[in-house]
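Subject: Structure handover

Hello,

Here is the structure for your work. My notes follow below it, sorted by topic.

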Amino acid sequence: AAGIHHEESEEDMREEELWPSVEFEGLGCFHDIAESRALDRVVDLPRQTRSYGARGCAMAAMERGFKIFALQQGRQCWVGHDLERAVVYGDAGGKCSMECWLNKGAGKPRETCGGKLA
């Protein structure tokens, strides 16, 4: 899970064309349960933005008015409003080590996008 700061920066002009920069703070890796999700809903990211990993998910959350987001399964972007709910199932330790789906073999720096139900 991560929280969003609504501050824009000038990092990478190539990526700026698709997604303006957004700063966010990583809060850790937390368990989730399929029958009772910790965050409100999953956001379908356009294929070309999935490779932006946490940055793309942060922007999608911010655009929809959510303050909390989490990545799962290497490509799922979950969003919500309630931090207490987002972390309710506890720390998942090293389970958030799945590489972002479109980053694999794409010559991009390795970024993790959660794990299975984490």
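**Disulfides**

Cys57 and Cys77 are joined in a disulfide, with 2.0 Å between their sulfur atoms. This pair links distant parts of the chain, since Cys57 is in helix α3 and Cys77 in strand β5, 20 residues apart. The torsion about the S-S bond is 85°, and the link of Cys57 and Cys77 is right-handed. Cys57 and Cys77 are both buried. Please keep in mind that this is a predicted model, and that the values here are computed from it.

The count of disulfides comes to three. Another one is formed by Cys29 and Cys96, whose sulfur atoms are 1.9 Å apart. Here too the link is between distant parts of the chain: Cys29 sits in the loop between β2 and β3, Cys96 in the segment after α4 (83-86), and the two are 67 residues apart. The torsion about the S-S bond of Cys29 and Cys96 is about 80°, so this disulfide is right-handed. Buried or partly exposed: which applies to Cys96? With a relative accessibility of 21%, Cys96 counts as partly exposed, because the buried class ends at 20%. Cys29, at 11% relative accessibility, counts as buried.

Cys100 and Cys113 also form a disulfide, and their sulfur atoms are 1.9 Å apart. Both Cys100 and Cys113 lie in the segment after α4, so the pair ties together parts that are 13 residues apart in sequence. With a torsion of about 80° about the S-S bond, the disulfide of Cys100 and Cys113 is right-handed. Cys100 is buried at a relative accessible area of 0%, and Cys113 counts as buried at 2%.

Counting the bonded cysteines along the chain, the disulfides follow the pattern 1-4, 2-3, 5-6.

**The two elements joined by Cys57 and Cys77**

Helix α3 covers residues 53-63 and is mostly covered, with nine of its 11 residues buried. Among the buried residues of α3 are Gly53, Arg55, Met59 and Ala61, as well as Cys57. Just after α3, Gly65 has a positive phi of about 85°.

Strand β5 (residues 76-80) is likewise mostly covered: four of its five residues are buried. Which strands does β5 pair with? One is β3 (residues 41-43), which runs antiparallel to β5 and is joined to it by three bridges. In this pairing, Val43 has Cys77 of β5 as its bridge partner. Cys77 is thus a bridge partner of Val43 and also the disulfide partner of Cys57.

The other pairing is with β4, again in the antiparallel sense, over five bridges. There, Phe69 has Val79 of β5 as its bridge partner. β4 and β5 form a hairpin with three residues between the strands, and Gln73 in this hairpin takes a positive phi near 60°.

**Aromatic pair**

How many aromatic pairs does the structure hold? There is one aromatic pair, formed by Phe24 and Phe69, with 5.4 Å from centre to centre and 80° between the planes, an edge-to-face arrangement. The angle of 80° puts the pair in the edge-to-face class, because that class takes planes over 60 degrees apart. Phe24 is in strand β2 (residues 23-26) and Phe69 in strand β4 (residues 68-72), so the pair ties together parts that are 45 residues apart in sequence.

Are the two rings of this pair on buried or partly exposed residues? Phe24 is partly exposed, at a relative accessible area of 33%, whereas Phe69 counts as buried at 2% relative accessibility. Phe69 therefore belongs both to the aromatic pair with Phe24 and, through its bridge to Val79, to the pairing of β4 with β5.

**Loop between β2 and β3**

Phe30 is placed in the loop between β2 and β3, as is Cys29. Phe30 is buried, with a relative accessible area of 17%. Where the chain is concerned, Phe30 and Gly93 are 63 residues apart, yet their C-alpha atoms are separated by 7.4 Å. The loop thus has a disulfide from Cys29 to Cys96 and the C-alpha separation of 7.4 Å from Phe30 to Gly93.

Regards

Notes: Residues numbered from 1 in each chain as written. Predicted model: local features only at pLDDT ≥ 70, side-chain atom pairs only at ≥ 80, totals over all residues. Heavy atoms only, no water. Phe/Tyr/Trp six-rings, centres within 6.5 Å; stacked < 30°, edge-to-face > 60°. Buried < 20%, exposed > 50% of the residue type's maximum accessible area, 1.4 Å probe, protein only. Pairing = 2+ DSSP bridges. Disulfide = S-S within 2.5 Å.
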